[in-house]
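Work through the exercises below with the coordinates open, and try each task before reading its solution.

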Amino acid sequence: MRTTYISKAAQQIKPSGIRKFFDLASTMEGVISLGVGEPDFVTAWNVREASILSLEQGYTSYTANAGLLSLRKEISAYLNKRFHLDYAPDDELIVTVGASQALDIAVRAILDPGEEVLIPEPCFVAYEALVSLAGGKAVHIHTNAERGFKASAADFEAVLTERTKAIILCTPSNPTGSVYTKKELEEIAAFAEQHDLIVIADEIYAELTYDEAYTSFAEIAGMKKRTILISGFSKGFAMTGWRLGYVAAPAYLRDPMLKIHQYSMMCAPSMAQFAAEEALKNGLEDVEKMKKSYRRRRNVFVDSLNEIGLDCHQPGGAFYAFPSVKKTGMSSEQFAEELLIAEKVAVVPGNVFGPSGEGYIRCSYASSLEQLQEALVRMKRFVQKTGAVQ
Ligand code: PLP
């Protein structure tokens, strides 16, 4: 018998801190969960109907590896209309199983063993694991609330080595809701150009920005050639369960990703692809309505967090608030655990997204206003009991 059958790579990755925490919440009754990173809307009916129709009509076979050409055409037109991007349906797009798979094939296509990827943290929990499963090394960049949890070219420069291959940039960010401005992206673009780096731009929340016009990284002059754009339908279109995303990149980057996709996934589910096509053709008004609703909830929720003494910067996008719990003297984990036990409100401790998240909690405001208001009453009571805030 071997001592272990498990690969070193699989042994080394850590289970997601979010899941661990929610196992505890799921054993309790009456919990208000601000923990899950998904819309509280059900996918629009016309989108669901398009999928049902595809099944009724018997479309149950594999699609092209890269996805239905008709869907890729819609994605190409959408990216052009919404973000001024120009991707050819034939050879610059792949429809994937969620943005998650898009990220996986992106890092697997570009990394050789030991190559480094610069990742500002706190960040989405999958990045480090995917990079290390691809044989690479995640190099985290610390950020702070004072600078809106954003990294600058100087921060990247400080950790650059001859093994640095790529940057993963998430805007708007999970977990902080921060959105990079055009000027900030231009500085990072100049840095990527100077050091010949690939930028994996995770723009899954691009539809959900509330204050300023959104700039996609690939839109910055000269950047399309070194950008792998990751996006999908989960968040903006309220389609998490459909598992549908896409990756857009120039053909020299798309082709190796397609090879990996072809052998590991074959293609994304056909019924989800038909739904996504309908979402792009006739779903943008619904996206706008959901966005308005998130913006209203953000304003109420973030203002109230600040009022109850949990200092919170204004998140420009996504549906997360990332308030500080430092005044209470508790660690993120202790705060989240005790809040759950005492007041039955589930939030995610900020440290699961990286060391710069220590002292913060992530609260999703993709819940009804009533639920958010009740959660705030409970959180206020909890914070007052700590004696940190009157
Ligand atoms: N990227 C970020 C930043 C996310 O927050 C998530 C999901 O939470 C994903 C990617 C994965 O999205 P999908 O559901 O499309 O796989």
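**Exercise 1.** Identify the partner of R298 in a salt bridge, and give the distance between the closest N and O atoms.

*Solution.* R298 forms a salt bridge with D211, and the closest N and O atoms are 2.9 Å apart; the term requires a side-chain nitrogen of Lys or Arg within 4 Å of a carboxyl oxygen of Asp or Glu. The model is a predicted one, in which local features need pLDDT of at least 70 and side-chain atom pairs count only at pLDDT 80 or more, whereas totals for chains, interfaces and linings use all residues. Residues are numbered from 1 along each chain as its sequence is written, and side-chain values use heavy atoms, with hydrogens and water left out.

**Exercise 2.** Describe the interface of domain 1 and domain 2, beginning with the bounds of each domain.

*Solution.* Begin with the domain assignment, which gives domain 1 as 8-43 + 285-386 and domain 2 as 45-282; such bounds come from an automatic or database assignment. The C-alpha centres of the two domains lie 25 Å apart. Next, count contacts (heavy atoms within 4.5 Å): 37 residues of domain 1 are in contact with 39 residues of domain 2.

The area buried between the domains is about 3100 Å², with 59% of it from carbon and sulfur atoms; this is the accessible area (1.4 Å probe) that two parts lose on being put together, summed over both. Of the area that domain 1 buries against domain 2, T43, F353 and S356 supply 22%, more than any other three residues.

Finally, turn to specific pairs: the count between domain 1 and domain 2 is one salt bridge.

**Exercise 3.** Find which cis peptide bonds involve P172 and P175, and state where these residues lie.

*Solution.* The bond joining T171 and P172 is cis, with omega about -10°, and the bond from N174 to P175 is likewise cis, with omega near 20°. P172 lies in the loop between strand 5 (164-170) and helix 8 (182-194), and P175 is also placed in the loop between strand 5 and helix 8; helices (H or I, at least four residues) and strands (E, at least two) are DSSP runs, numbered from the N terminus.

**Exercise 4.** State the sign and approximate value of phi at F149, and locate this residue.

*Solution.* F149, although not a glycine, has a positive phi of about 55°. F149 lies in the loop between strand 4 (137-142) and helix 7 (153-158). For background, most residues other than glycine have a negative phi, and most peptide bonds are trans.
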